[in-house]
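Biologist: Could you take me through a few residues of this model and explain how each assignment is reached?

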Amino acid sequence: VAMWCWIFGLTGAAVRFLSSESPARRYVADSSYWLYLMHLPVLAFFAGLLHQVPMHWSLKYPLQVAGTLVVLFVSYRYLVRSTVIGAILNGRRYSRGVRVRPEPVSAA
């Protein structure tokens, strides 16, 4: 029962506070499939890179995640978003340097 209350509560909070348009959330949503597909090899690269570094895991892990996110967001911006790969992943192709306002989604 507690888990269902958490699910409904978090869903309701998301609908209440995150339902407006946001360019940042739109960008993250567009890049999410690219991040999903590529996160394992990039994360493994950073894990191998930091393997011999004498640091506690609680410091290494956030560094690996931050490095992975930086590499993937930069690669999405310059190598994927406005290319054929971006059109395949997102269903549309964005022009370089031109900001496109997303079309409003109808409630119907």
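Modeller: What follows is a short exchange on burial, contacts and surface. This is a predicted model, in which local features need pLDDT of at least 70, side-chain atom pairs count only at pLDDT 80 or more, and totals for chains, interfaces and linings use all residues. Residues are numbered from 1 along each chain as its sequence is written, and side-chain values use heavy atoms, with hydrogens and water left out.

Biologist: Is Val 80 buried or exposed?

Modeller: Val 80 lies in helix H3, helices being DSSP runs of H or I with at least four residues, numbered from the N terminus. Buried means under 20% relative accessible area, exposed over 50% and partly exposed in between, with a 1.4 Å probe and protein chains only. Because its relative accessible area is 1%, Val 80 is buried.

Biologist: What separates the C-alpha atoms of Val 80 and Trp 34?

Modeller: Contact means heavy atoms within 4.5 Å, and, neighbours within four places in sequence aside, Val 80 is in contact with residues including Trp 34 and Leu 89. Val 80 and Trp 34 are 46 residues apart along the chain, and their C-alpha atoms are separated by 8.2 Å.

Biologist: Which backbone oxygen does the side chain of Thr 83 reach?

Modeller: Thr 83 lies in the loop between helix H3 (57–80) and helix H4 (84–90), and with a relative accessible area of 19% it is therefore buried. At 3.3 Å, its side chain reaches the backbone oxygen of Leu 79.

Biologist: Is Met 3 buried or exposed?

Modeller: Met 3 has its place in helix H1 (residues 2–17). Since its relative accessible area is 57%, Met 3 is exposed.

Conventions. Helix = DSSP H or I, 4+ residues; strand = E, 2+ residues; numbered from the N terminus. Polar contact = N/O pair within 3.5 Å; in protein donor to acceptor, adjacent residues only side chain to side chain.
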